[in-house]
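Subject: Structure handover

Hello,

Here is the structure for your files. My notes follow below it.

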Amino acid sequence: MSAGPLRIAVIGGGPGGLYFAALAKQLDPGRSITVWERNAADDTFGFGVVFSDETLGGIEHADPVVHAAMAGEFARWDDIDIIHRGRVITSGGHRFAAMGRRRLLQILQERCASLGVTMHFQAVAPPAADLARSHDLVVAADGVNSQTRAAFSTAFGPSLDTRHCRFMWLGTDRVFDAFTFCIRETPHGVMQVHAYPYDATGSTFIVEMHDSVWRSAGFDVPAAAAMAVGESDLAGVDMVRDVFSDLLQGHTLLANNSRWIAFTTVRNRAWRHGNIILLGDAAHTAHFSIGSGTKLAMEDSLALAACLDEHRDLPAALAAYEVERMPVVASTQRAAQASLEWFENLGQYTEQEPLQFAFNILTRSRRVTYDNLRVRDPEFVEQVDGWFAEHEVRRGVAPPPPRPAPPMFQPFRLRGLELQNRVIVSPMDMYWATDGIPNDFHLVHLGSKALGGAALVMTEMVCVTADGRISPHCTGMYTTEHETAWRRIVDFVHGNTPAAIGLQLGHSGRKGSTKRMWEGMDEPLAAGSWQLVAPSALAYSPRNQVPLALRRQDMDAIREAFVAAAEAGARAGFDLMELHCAHGYLLSSFISPLTNKRDDEYGGDLEGRMRYPLEVFDAVRAVWPVERPMTVRISATDWHAGGIDADDAVRIAQAFAAHGADAIDVSSGQVVSGESPAFGRSYQTPFADRIRNETGIATIAVGVISSSDDVNSIILAGRADLCALGRAHLYDPQWTLHAAAEQGVAIEWPAPFRAGSRRPQTGRTDGPKPRLDLVRQGPAVTRHERYRPGRALLVTED
């Protein structure tokens, strides 16, 4: 930094830019800070902004003057109303504080003026490059269409993801008393409103719908007309008013530069370039359905001001700002992406009954979860739990009578197999066999998981031929010794636990003849390798062997190997069989266009590429006992351009279901080495969700599901029927038993383990509460606060 006070230029006089200017000036009154805003001081686009308690706490500590002024304006409430098919479902315990955007700008402008910040309104800022030469720091808070970001795009590395819904930001003079989701099914498709109060005069009213619905309803026609800068699409506003006239209850819709917009998610590889730093929407955007962009921008401002104060060196301060904020924003954007995609696919959920739909919409971002809602509104969760238990009995997947228990402990029927809960130990390759024979390690591994309470324990991928193994240490089912060894494990599970055990069959294809995972993922063997086969002569990576393209007679032989392995599995007593058609192994590589370049009837379009996997499935299903279920694991996306995507996954699932699959185990990727997965918590669940809710096929969710909270949330929202967990069971083989104990659910423990069925006692971590407070407090209740302008909040308690 320069020896004297910093000279700071702020491009953009929205809440983020103004709040940063006020904080930075307070921390060092000697700083020269200038803000340029192209609009007039009293111009604003939008109506209300919403803040979380966490953000308000940060504002209160950073600038009590600004916080006090804001607090005097807040509309506060607690409830969320979900209007769906004529019913209003209310959930309480949520905390909201909102205010008018124009009033927020006035407060921040007044604060800046009182501190000596120079502000230029209706003034276009000089180019950022010029400001960077004349100032020590340039803060680019110039919004989603940032010219600064565009001017230095090579340095910032922006990614702009324009989405599939259209929305219009409106206001209304109807003052809602709660956050309101209104779902409207029309002849054109589903439309929705997000509405919330911001002061005693009005509410924000956002209408959103998929682009296809928007076009079908004719909104695209007036939207195409030429409009002046700042002009609203009044014809479109009138059409919205007609659709939601009952919700408006005779009140007026208010427009303010209101036009149809396709939301764009902005991401940047870097936020700093020299002495230029991005802030707010210039750096990132997050869909409005999880909160306000203003909230994120003001959090950026607080962090940037703090980093400048904590670091005397400007590059270090800007680096610290990136380190602090980028992970927080990335987490928010992941939640926002989940919420955004939920609303894009809203039509697949409207057939859900109102209570489940309400739970689904509340937990759509995965930030609000089953456990979280149980704290906020225990009565609501209890009500949905009861509905779910009855619903599963009604649809015939659980035996009567309904069992009072959390969703993960509801039973599930899959063909003739009765599962005692919704937890599966996911298939996990152990790479510990000799000549394909499972040994004592596999007995202990699978036996301990079966003793741990899961309803179903799956083997690793059991290979149907010696040259179909991934490594020399993978298990197989192609000799009588294999069958005998597997029968020993199955007999242990059946004789000592209530769990079922499933057999996953597969062939490695072009991903075989490699080292064990911990010796080098996908590394080819240095010695002792074997010839690989695949639908096409394409190596998995440049370091891997080029496989032979399968001939018809080779395909027939492999199909018969699958049949023989299935027959052996049935004799060994396995309860369920899963066909592995995922992760780039042989059957998966037939399905993906990235790995199948055949020009015969087994290549080409998806129907051709599915032909061989379906032939194998049919042959196996024909010999697998009719009362025992059969599932299929698929990769729902290749995470690579030109590969399988979510639309294809629906068709793949439908094809297997039409041939008799009882459930689809929905994984993703690992098909090509150049994939770019969007890895994160429960990241594959949306694919299972879509398949289940678009087709009605039972699905198994898998992929970074690690807590009972995740499982309960997924099952109760109807995103999957079963959840498969891998690493969680490696960490804790008794994962399901412990989850039951923590939730107070009585399930069957192995007799020798029953003494440990209660959580061990520990030392106290809190002191006793005052006795009189306990008397006055009474039982826990949910507070339902609804906004009532001009008088105290209306508070009801359940």
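The notes cover the chain as a whole and then one sheet.

This is a predicted model, in which local features need pLDDT of at least 70 and side-chain atom pairs count only at pLDDT 80 or more, while totals for chains, interfaces and linings use all residues. Residues are numbered from 1 along each chain as its sequence is written, and side-chain values use heavy atoms, with hydrogens and water left out.

Whole chain

The radius of gyration of the protein chain (taken over C-alpha atoms) is 30 Å, which agrees with the value near 28 Å for a compact globule of 798 residues; the globule rule is 2.2 Å times the number of residues to the power 0.38. The C-alpha trace spans about 85 × 65 × 60 Å along its principal axes. Of the 798 residues, 58% are buried (under 20% relative accessible area, 1.4 Å probe, protein chains only).

The protein chain has 27 helices and 31 strands; these are DSSP runs, helices being H or I of at least four residues and strands E of at least two, numbered from the N terminus.

One sheet

Three strands form an open sheet in the order 3-7-4, with antiparallel pairing (two strands pair if DSSP finds at least two bridges between them). Strand 3 (48-51) and strand 4 (75-77) are the edge strands, each pairing on one side only. Strand 3 pairs with strand 7 (residues 96-100) over 4 bridges in the antiparallel sense, and M99 in strand 7 is the bridge partner of V49.

Regards

Key:
Buried means under 20% relative accessible area, exposed over 50%, partly exposed in between (1.4 Å probe, protein chains only).
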